[in-house]
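Today I opened my notebook to look at aromatic rings and how they meet. Come along and read over my shoulder.

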Amino acid sequence: MTPRRAFKTASLIAGAFILVISVTARAVPDKKDKQQGRLLFGKVLDEQDNPVAGAIVYLTNTRSHAVKTYIVGQDGTYRFPGLSTVDYEVYAQYNDRKSDTKSVSQFDDRPQVYVDLKIRAH
């Protein structure tokens, strides 16, 4: 084998090796690419559909009875990422007013669930 032919063969093998490594690296999903668990999100609104800044959203896991809270910002939005596939109940409260309690079923297999919560007047 001539030195030139040996160099070509070595270059081809090195190129194939780099190609295999790069394809393998792309096959492994990045954790940032896939959301872990479900996302529950939505808005807290008053009866005129205006955002209710400062409302507190309560999310209860009906299996463990663990409660998570979220204080709503100026735009009225809330979000609970990374939820397990169990039943949840969610409601919002602002001062002494409260929204209806909404349920999110474990059988709802959507990765993202949007629920608006309306604060009722007295």
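These entries go through the ring pairs first and a charge over a ring last.

**Entry 1.** I noted at the start that this is a predicted model. How many aromatic pairs does the count come to? I found four aromatic pairs.

**Entry 2.** I looked up F41 and Y114, whose rings form an edge-to-face pair. Their centres are 5.1 Å apart, and the planes make an angle of 75°. I then checked where the partners sit: F41 is in strand 1 (residues 38-45) and Y114 in strand 8 (residues 112-114). The two are 73 residues apart, so this pair links distant parts of the chain.

**Entry 3.** Are these two rings buried or exposed, or something in between? F41 has a relative accessible area of 24%, so I wrote it down as partly exposed. Y114 is partly exposed as well, at 41% relative accessibility.

**Entry 4.** Next came Y70 and F80. Why is this pair edge-to-face? The planes stand at 70°, and over 60 degrees counts as edge-to-face. I also noted 6.1 Å between the ring centres. Y70 lies in strand 3 (residues 67-71) and F80 in strand 4 (residues 77-83), ten residues apart.

**Entry 5.** I checked accessibility here too. F80 is buried, with a relative accessible area of 5%, whereas Y70 is partly exposed at 29%.

**Entry 6.** Which residues join Y70 in a cluster? I found that ring pairs link Y70 with Y78 and F80.

**Entry 7.** Last, I looked at Y91. The charged end of K98 sits over the ring of Y91, 4.4 Å from the ring centre.

Note on methods. Residues numbered from 1 in each chain as written. Predicted model: local features only at pLDDT ≥ 70, side-chain atom pairs only at ≥ 80, totals over all residues. Heavy atoms only, no water. Phe/Tyr/Trp six-rings, centres within 6.5 Å; stacked < 30°, edge-to-face > 60°. Helix = DSSP H or I, 4+ residues; strand = E, 2+ residues; numbered from the N terminus. Buried < 20%, exposed > 50% of the residue type's maximum accessible area, 1.4 Å probe, protein only. Lys NZ or Arg CZ within 6 Å of the ring centre and 35° of its normal.
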